[in-house]
Amino acid sequence: MSAGWRTLLLRIGDRCPEYGGSADHKEHIETCYGVLSREFEHSKDAIFEFLLQCAEQLPHKIPFFGVLIGLINLENEDFTKDIVDTTQAKLQDALHNENRDRIRILLRFLSGLMCSKVVVPNSIIETFETLLSSAATILDEETGNPSWQPRADFYVYCILASLPWGGPELFEQVPDEFERVLVGIQSYISIRRHFDDIAFSVFETDEGHSPNKKDFMEDLWERIQVLSRSGWKVKSVPKPHLSFEAQLVAGKSHRLSPISCPPPNLSQTTSEIFKGQEKHEADLKYPQRLRRLHIFPTNKAENMQPVDRFVVEECILDVLLFFNGCRKECAFYLVSLPVSFRYEYLMAETIFSQLLLLPNPPFRPIYYTLVIIDLCKALPGAFPSVVVAAVHALFDRISNMDMECRTRLILWFSHHLSNFQFIWPWQEWSYVKDLPKWAPQRVFVQEVLEREVRLSYFEKIKQSIEDAADLEELLPPKSGPSFKFLSDESNENTDGHKLSKELVGMVRGKKGIRDIMLWVEEHIIPTYGAEFALDVVSQTLLDIGSKSFTHLITVLERYGQIISKLCPNEEMQLLLMDEVSAYWKNSTQMTAIAIDRMMGYRMISNLAIVKWVFSPANVEQFHVSDRPWEILRNAVSKTYNRISDLRKEIQSLKKGLEVAKETSAKAIKELEEAKSVLEIVEGQPAPAERPGRLRRLQAYADKAKQEEVATEESLEAKAALLARALEESKELLKLLFKRFVDVLTERLPTVSADGEIPNLRAGDQNVNFVAQDLETATMEIDNENGTDKNSEPNGQNTKNGYNVGELEQWCLCTLGYLKSFSRQYATEIWSHIAMLDEEVFVGDIHPLIRRAAFSGLCRFTNEGSQL
């Protein structure tokens with residue numbers, strides 16, 4: 001065998017050239033063990049480290065590594081004892097450092113070692129009981145802190161997740177002790193609080209609460225109980241140790257040293273807000289790893305036992321975790337899991353569940369896009385059709401999809417198609433043209449086409465839908481600027497055109513900012529006013545920078561000070577954004593980029609952007625376009641990214657200041673020591689050191705002190721910037737939620753006299769709307785874009801296939817984005833929740849507004865139910 005021992009360890013269990021294309025696991029282990037035995041004397045330490053690394057980063061192959069270690073145990077007990085002790089030490093360290101993935105995988109690894117007779121079964125039982133005891137303590141009101149239930153759930157989840165790998169052996173070797181552990185788990189499940197994760201569900205329902213639905217822990221426990229009743233028979237976990245059992249029993253089993261769990265974080269107050277913050281912190285540190293997406297009907301998806309589905313999901317998530325920087329290797333391991341059945345549909349569901357995981361996916365969405373592309377190439381006969389089926393299934397349910405998930409799906413789908421020549425059976429969706437312009441399916445297709453144009457060009461995308469020509473009207477306008485002062489024979493003599501032409505000449509003539517500003521102040525503002533000046537300057541500069549992103553950025557960098565001087569307040573900044581939107585009315589992308597860059601250069605404030613997004617013209621677009629939401633997302637994201645960057649810089653400066661202080665102190669000490677060494681010269685004491693060395697030490701000490709002072713000044717400046725940014729973020733949150741509350745209060749249906757909350761999805765024509773002008777109530781419904789004349793303004797519209805009225809759809813979309821923002825920035829919101837309670841969520845707030853905002857925070861009402 002020419003392959004090295006490292007390659008053999010990595011590829012064990014795979015059908016690959018290193019093992020001659022064989023799929024016989026026993027043959028793989030014998031071959032690998034033979035090579036390891038020959039290399040053992042020369043590479044013992046390297047084998048030790050690499051085996052542990054493989055077990056941690058290829059956890060789906062732990063049964064194979066366990067058998068290899070068991071075979072080594074027959075010849076070298078000290079080596080395997082060191083592996084066991086090192087694993088225990090790593091587990092202990094992971095528990096105290098709250099390294100979730102390492103805790104989970106090391107427990108699985110210890111279970112695998114136990115199956116290969118390397119670890120005593122009772123040691124595993126003791127470890128499980130320690131974790132169970134800690135979980136129960138956390139839930140105790142007096143000795144623990146129930147707000148930290150996510151940590152307790154995680155400990156029990158780790159036990160349950162390791163049982164498919166080690167449960168059969170524990171059941172066979174220590175049945176009484178194992179039963180005691182299962183009883184303890186049942187007791188824990190019975191006292192823990194049910195987690196209603198409706199705020200994190202991909203699909204929203206009309207019911208609101210789902211008390212009868214099992215949460216993740218209850219579902220996993222039920223799967224393990226089914227496994228227990230079936231005699232602990234698991235198809236998805238390889239059992240190579242059975243082929244070597246006669247040899248492995250001769251080895252010595254090692255005991256694990258006891259582990260300890262960190263003490264629970266005791267609650268210092270009974271404040272509802274403080275408990276909510278604690279729970280949020282616990283959810284951040286111990287998030288739920290998977291929220292299943294049941295995309296496919298049961299007659300399509302693979303038929304497997306509940307616990308096998310869980311095991312394969314875990315293996316897929318592990319591969320995604322450890323190969324997030326190596327997409328090709330990731331795809332290879334995903335398609336070659338050591339299981340005896342097909343799992344393409346389950347793999348698609350799991351990957352999409354991660355892509356759409358709320359509040360954030362574990363990795364950037366682009367990673368899942370690349371993985372799906374590589375899987376389509378690795379399994380060309382199977383996976384592309386599965387992806388197509390998944391897209392159709394998600395599209396059918398798009399009207400109930402969370403707004404954040406809908407945006408992610410649009411971005412993923414457009415990017416995915418760009419890698420496959422934009423080929424898609426659009427004719428199957430051509431019916432959406434006849435749906436109302438606010439129907440989610442129609443909006444989805446419209447937004448996907450708009451994103452595709454960004455990734456390609458208009459003619460290419462138009463050609464890609466030629467089989468569904470009806471959809472052409474959903475294409476965005478052909479991109480291009482709309483310059484207000486474009487010269488032609490009819491208008492070139494107007495004042496605006498003349499001034500614009502003169503400004504272009506000044507820019508081309510390399511006139512300085514000072515000269516241009518002086519020209520604006522002397523020739524435009526006195527005669528035409530500041531608003532007209534802004535109109536001419538902004539439109540002209542945008543036109544100069546319209547050729548590309550680079551041109552735009554260059555213009556803003558060079559002449560941005562002129563725009564800033566013309567926009568000293570929010571009123572003028574709002575006018576500036578109107579000008580940008582008018583100039584780039586045919587390009588959502590350029591509008592968003594221009595406003596984003598202007599905010600980056602401090603020409604526009606984040607508060608002004610919020611006010612502009614919630615202006616009447618944009619509010620009318622909330623349910624039919626992503627344009628205003630993209631701009632708002634960019635503004636809020638940039639605000640908090642800046643805070644995050646400042647915090648990182650401050651941490652770096654603090655470390656630098658410590659080093660600078662140490663260096664300065666060391667230099668001063670060395671200088672003083674040199675000065676203190678004296679000698680007698682002509683009867684008088686004099687410095688013993690040479691004057692040249694003293695001068696060098698003095699210069700070094702002065703320089704070190706200067707660096708310390710400079711670092712301290714930089715730290716103070718950054719701290720001041722952070723304080724200012726935090727105050728700005730506080731004002732941003734207050735304004736953002738206030739605007740949400742205002743626009744929703746105007747349009748939401750009122751609560752009935754008996755307190756019944758209206759169902760916006762029912763399309764009920766008898767809903768009692770807030771008294772307001774009819775034109776506002778109907779959201780200016782007309783028969784454009786396929787809307788039927790006979791549709792009811794606020795009622796059903798079944799003729800075109802979507803039975804939710806326009807106003808209800810507007811409310812659903814806006815509430816969805818409110819929930820999305822509160823969920824996305826929950827950490828920042830919790831730090832200001834007292835202020836928001838006093839100034840925003842005060843008085844008679846509509847229950848649907850409160851539910852949307854609070855569910856995103858996983859906040860509980862005074863009655864104890866989660867909104």
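**Cavities and aromatic contacts**

The largest cavity in this predicted model has a volume of about 140 Å³. It belongs to a set of four cavities of 30 Å³ or more. Its lining is made up of 15 residues, and those closest to the centre are Ile410, Val443, Glu447, Asp626 and Tyr817. Helices H17 (403-418), H18 (440-455) and H32 each put at least two residues into this wall, with H17 giving the most, at five. Chemically, the lining is a mix: seven nonpolar residues, three polar and five charged.

Next comes the second largest cavity, at about 40 Å³. Around it sit Glu204, Ser399, Met401, Met403, Arg406, Arg761, Gln809, Leu812 and Cys813. H17 and H32 turn up again as the elements giving two or more residues to the lining of this second cavity, but here H32 gives the most, with three. Four of the lining residues are nonpolar, two polar and three charged.

On to the rings. The structure holds 39 aromatic pairs. One of them joins phenylalanine 178 and tryptophan 232, with 5.1 Å from centre to centre and 50° between the planes, a tilted arrangement. Phenylalanine 178 belongs to helix H8 (residues 175-191), while tryptophan 232 sits in the loop between helix H9 (216-229) and helix H10 (245-248), so the pair ties together parts that are 54 residues apart in sequence. Both rings are tucked away: phenylalanine 178 is buried at 1% relative accessible area, and tryptophan 232 is buried at 3%.

A second pair, phenylalanine 622 with tryptophan 810, is stacked, because the planes meet at 10°, with the ring centres 6.0 Å apart. This one spans 188 residues, linking the loop between helix H28 (616-619) and helix H29 (627-676), home of phenylalanine 622, to helix H32 (residues 806-824), home of tryptophan 810. Phenylalanine 622 is buried at 2% relative accessible area, and tryptophan 810 is buried at 0%. Both also take part in a cluster of linked ring pairs, together with Phe614, Trp629, Tyr640, Phe740, Tyr817, Phe821 and Tyr825. Tryptophan 810 has a charged partner too: arginine 747 lies over its face, 4.8 Å from the ring centre. Elsewhere, the charged end of arginine 6 is found over the ring of phenylalanine 50, at 5.8 Å from its centre.

Finally, helix H27 (residues 606-613) is mostly covered, with six of its eight residues buried: Asn606, Ala608, Ile609, Val610, Trp612 and Val613. Their cover includes helix H25 (570-583), helix H26 (588-600), H28, H29 and helix H30 (691-747).

Definitions and conventions: Residues numbered from 1 in each chain as written. Predicted model: local features only at pLDDT ≥ 70, side-chain atom pairs only at ≥ 80, totals over all residues. Heavy atoms only, no water. Phe/Tyr/Trp six-rings, centres within 6.5 Å; stacked < 30°, edge-to-face > 60°. Helix = DSSP H or I, 4+ residues; strand = E, 2+ residues; numbered from the N terminus. Buried < 20%, exposed > 50% of the residue type's maximum accessible area, 1.4 Å probe, protein only. Lys NZ or Arg CZ within 6 Å of the ring centre and 35° of its normal. Contact = heavy atoms within 4.5 Å. 1 Å grid on protein atoms, 1.4 Å probe; cavity = no way out; pocket = protein on both sides within 12 Å on 5 of 7 lines; lining within 4 Å. Points joined across faces, edges and corners; volume = space filled by probe spheres on them. Nonpolar A, V, L, I, M, F, W, Y, C, P; charged D, E, K, R; others polar.
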